[in-house]
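Please walk through this model from its overall layout down to single residues. Keep the structure open as you read.

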Amino acid sequence: MADINRFRVLVMGRANAGKTTILQRVCNTVDKPEIFDGKGKKIDKAVVQGTLGRGYHNIEHELVFQSNPGYVFHDSSGFEAGSTQQFDNMKKFVISHATTNSLQNRIHAIWYCIPMTDYERTVTAAEQKFFNECNTGHVPVVVLLTKVDFFHLVAIEELLDEGLEMEEAKRGAIARASQLLEKWQVHIRHILDQCKFPPKFYLPLTSKHFTCNRGRN
């Protein structure tokens, strides 16, 4: 790791997975990233934001936050709609950047984001396709369970439906939300761990602030 000046991460997941928020929290900022092409040329943000608004992401683009330039992020388009071309482009990128001899261009980790706001469809065909068909080699894939705080609202609704008053429901919501998270995390692991190329780790993310500083070396 001492030879790596920048830690390169591929971020994947559905359009509503909260990926941008995660990257901002990791880099301790609320600013948007600067975006560069694969050759280090800065790209006009207005052009990029227009394509992002239409759900398009160029996986080759590098996203760098000035608050923490030690990280370089790549954002993959969601392929839950069944686009073979998008999946093939992502797979080609993973294979080429996982095996390159250049440490600076190699991806060092993949973060696969699954939002808990979709807890009743946490594992879709897209997730199963990725973990069954994409061999990332030595690059670890970490499943990030995002928007975990949503379970707090679900917990309150459940407790109210069970006949509790609002104040009682609020007091019991933390414990119930924890149970819901555990239930769905077990569900996700049960499915993905049976895939051909399962994740290395699972990490639930709450609204608690965190930072992972990697400044310039």
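Contact here means heavy atoms within 4.5 Å. With that cut-off in hand, turn to helix H3 in this predicted model. The buried residues of H3 pack against four elements: strand S1 (7-13), strand S4 (71-75), strand S5 (109-115) and H4.

Step back to the whole chain for a moment. It holds six helices and seven strands. Read from the N terminus, the order is β-α-β-α-β-β-α-β-α-β-α-α-β. The chain has 217 residues, and 45% of them count as buried. Take the contacts with a separation of 6 or more: residues 24 or more positions apart account for 72% of them.

Now go back to H3, which covers residues 84-99. Its 16 residues reach 23 Å from the first C-alpha to the last. That is close to the 22 Å expected at 1.5 Å a residue. Which residues of H3 are buried? They are Phe87, Met90, Phe93, Val94, His97 and Ala98. Seen down the helix axis, these buried residues fall within an arc of 125°, so they line one face of H3. The general geometry is familiar: an α-helix has 3.6 residues a turn, so residues three or four places apart point the same way. On the other side of H3, the exposed residues are Thr84, Gln85, Lys92 and Thr99.

Two of the buried H3 residues, Val94 and Ala98, lead on to Thr136. Thr136 touches both of them, and also Ile110, Phe130 and Val141, leaving out residues up to four places away in sequence. Where does Thr136 sit? Its place is the loop between helix H4 (125-133) and strand S6 (141-146). Thr136 has a relative accessible area of 10%, under the 20% limit, so it is buried. Its side chain also has a polar partner: the backbone oxygen of Val139, reached at 2.8 Å.

A second loop threonine is worth a look. Thr29 lies between helix H1 (19-26) and strand S2 (34-36). Is Thr29 buried or exposed? At 16% relative accessibility, it counts as buried. Apart from neighbours within four places in sequence, Thr29 is in contact with Gln24, Phe65 and Ser67. The C-alpha atoms of Thr29 and Gln66 are 8.8 Å apart, although 37 residues separate the two along the chain.

Helix H6 comes next. It spans residues 166-192, and its 27 residues reach 37 Å from first C-alpha to last. The span expected at 1.5 Å a residue is 39 Å, and the helix comes close to that. H6 also has a kink of about 50°, centred on Ala173. Ala173 is itself one of the buried residues of H6. The others are Ala169, Arg176, Ala177, Leu180, Leu181, Trp184, Gln185, Ile188 and Leu192. What do the buried residues of H6 pack against? Their partners are S5, H4, S6, helix H5 (150-161) and strand S7 (201-204). S5 and H4 also pack against the buried residues of H3.

Finish with the cysteines. A disulfide is a covalent bond between the sulfur atoms of two cysteines. How many disulfides does the structure hold? It holds zero. Cys27 is buried, with a relative accessible area of 1%. Cys113 is buried too, at 0%.

Conventions. Residues are numbered from 1 along each chain as its sequence is written. This is a predicted model: local features need pLDDT of at least 70, side-chain atom pairs count only at pLDDT 80 or more; totals for chains, interfaces and linings use all residues. Side-chain values use heavy atoms; hydrogens and water are left out. Buried means under 20% relative accessible area, exposed over 50%, partly exposed in between (1.4 Å probe, protein chains only). A polar contact is a pair of N or O atoms within 3.5 Å; within protein, one must be able to donate a hydrogen and the other to accept it, and residues adjacent in sequence count only if both atoms are side-chain atoms. The expected span of a helix is 1.5 Å times one less than its number of residues. The arc is that of the directions from the helix axis to the C-beta atoms. The bend at a residue is the angle between axes fitted to the seven residues ending there and the seven starting there. A disulfide is a pair of cysteine sulfur atoms within 2.5 Å.
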